Amino acid sequence: KTYSIILLLLIIICSGIHCKTVRAASSTPRRTQAQDSAQTNVKDSICTTLFTQSIFDTLAPSAVTPYSYTGFCNAVINWNRNNPIPIFSGETDTEKKNELAAFLGHVLHESHDFQAAREYSQCKTFTTDSAGKVYCKPLGYAGGTYTDPYCSLQHTPTTHPDGCACAPVPESTSMPGYVEADQLFFGRGPLQTSWNYNYKKLSDALRAEGVDICAAPDMVATNEEYAWISAFLFWTTSTGAVDTTCGQAVKCEGSFGSTLNVINGGLECPAINGHESTIWERLNDYCAAASALGVEEILSLDGCDGLKDQFDQCVGSGWCPACAVWEDKIGAPSTKEAQEECLSVSAPKQAALSAPKHGRPSSSSNSAQIVMTALTSSLLLLSYLV
């Protein structure tokens, strides 16, 4: 009888141990074998064999902080190690290069070949105080209260969907003629993250690191890791108005056009208000990246109204020299059946990505299970003693 009591007590104690084990194991999203393999492949291939320092320097010879080859490679490895939706992790080198070329085409364009950490119209002219705080002089600003054009008052910390708190910004008293950069939500980083609601998504993603991007959005322009994560987060989770992420557009549709539709479809698919030159610049950057990476053919231009016509005009005018070699090497989009099958297994897990780098899923179900186990064991012991 004594041995039986000891055995039951051990069951209760082990239940508590199991509690800690289960909760620790569930503190980060469960990764599949394919995802682990993808992370290893990215570390070994993307930044070693497929994308080298030499290629980075060729595409962006005048890159400035926060853009660097090493920072990019470290960010890719860390992202794929800690997120359920990997990036640049196709099953073949061709798939990896296709996604990387499309990504580079967009970020090179948006960041002026990695020379613009901050949006020119809002902070091309800036100054820094002795503590390192940055102050901007937006285009046309002559002092006084400044209304941030990227502050959506419909998106606040308490609304759904939410956004970083924002309001009209006073002129700096310490730097007259300037406004504090950390109170503005203009474009920053590789994809020029803008609007207070997009900064809120990034802030949520980095919350587990103790980083509050809402309070200091200018970190996206100064910190290499946060800059690249801002672009990866958009690439893998944002769908724009087309219900497809950029990553899915490449993997499932074989389309560069659809990635553009996600990023700036409202202005470039089709081109409006003189955005033709913007499209030509973007296309030329994409073609340059495709050539540097040695892809077999560029992705389909479907998925963005008028993009193929813009490509033809750009090549014909001589304005897109990097695209001339690809004129007869444009891939066909995936079949509708293939797209649907691919999308069914690659839908973004938005809930799991609320904190992409260090996700913390709820452990309430584990706690309930542990309490029930301990309670059952206790009742067993009680009935035995009685």
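A residue counts as buried when its relative accessible area is under 20%. Keep that cut-off handy for these exercises, and remember that the model is predicted.

**Exercise 1. Work out which residues of helix H11 are buried, and check the helix's length.**

Step 1: Apply the cut-off along H11. The buried residues are Thr278, Ile279, Trp280, Arg282, Leu283, Asn284, Asp285, Tyr286, Cys287, Ala289, Ala290 and Leu293.

Step 2: Now the length. H11 has 18 residues, so at 1.5 Å a residue it should span 26 Å. The end C-alpha atoms are 26 Å apart, which agrees.

Step 3: Look just past the end of the helix. Gly294 follows H11, and its phi is positive, near 70°.

**Exercise 2. Decide how H11 lies relative to helix H12, and find the residues that make the contact.**

Step 1: Start with what you need. Two packed helices are described by the angle between their axes and the distance between the axes.

Step 2: Get the values. H11 (residues 276-293) and H12 (residues 307-317) pack at about 80°, and their axes are 10 Å apart. Angles of 65 to 115 degrees count as roughly perpendicular, so H11 is roughly perpendicular to H12.

Step 3: List who touches whom. H11 brings Glu276, Ile279, Trp280, Leu283 and Cys287, while H12 brings Leu307, Gln310, Phe311, Gln313, Cys314 and Ser317.

Step 4: Sort those residues by type. You get seven nonpolar, three polar and one charged.

**Exercise 3. Do the same job for helix H10 and H11.**

Step 1: The axes of H10 (residues 256-268) and H11 come within 12 Å and cross at roughly 160°. Anything over 145 degrees counts as roughly antiparallel, so that's what H10 is to H11.

Step 2: Add the handedness: this crossing is right-handed.

Step 3: Pick out the contact. Phe256, Leu260, Ile263, Asn264 and Glu268 of H10 meet Thr278, Ile279, Arg282, Leu283 and Tyr286 of H11.

Step 4: Sort again. This contact has six nonpolar, two polar and two charged residues.

**Exercise 4. Find out how covered helix H8 is, and what its buried residues pack against.**

Step 1: Check the length of H8 (residues 224-237). Its 14 residues should span 20 Å at 1.5 Å a residue, and the end C-alpha atoms are indeed 20 Å apart.

Step 2: Count the buried residues. Eleven of the 14 are buried, so H8 is mostly covered. Among them are Trp228, Phe232 and Trp235.

Step 3: Find the partners. The buried residues of H8 pack against H4 (69-82), H5 (93-110), H7 (196-205), H9 (246-253) and H10.

Notes
Residues numbered from 1 in each chain as written. Predicted model: local features only at pLDDT ≥ 70, side-chain atom pairs only at ≥ 80, totals over all residues. Heavy atoms only, no water. Axes fitted to C-alpha atoms, helices over the stretch in contact; angles between N-to-C directions. Helix = DSSP H or I, 4+ residues; strand = E, 2+ residues; numbered from the N terminus. Parallel < 35°, antiparallel > 145°, perpendicular 65-115°, else oblique. Contact = heavy atoms within 4.5 Å. Nonpolar A, V, L, I, M, F, W, Y, C, P; charged D, E, K, R; others polar. Left-handed = near helix turned anticlockwise from the far one by under 90°. Expected span 1.5 Å × (residues − 1). Buried < 20%, exposed > 50% of the residue type's maximum accessible area, 1.4 Å probe, protein only.
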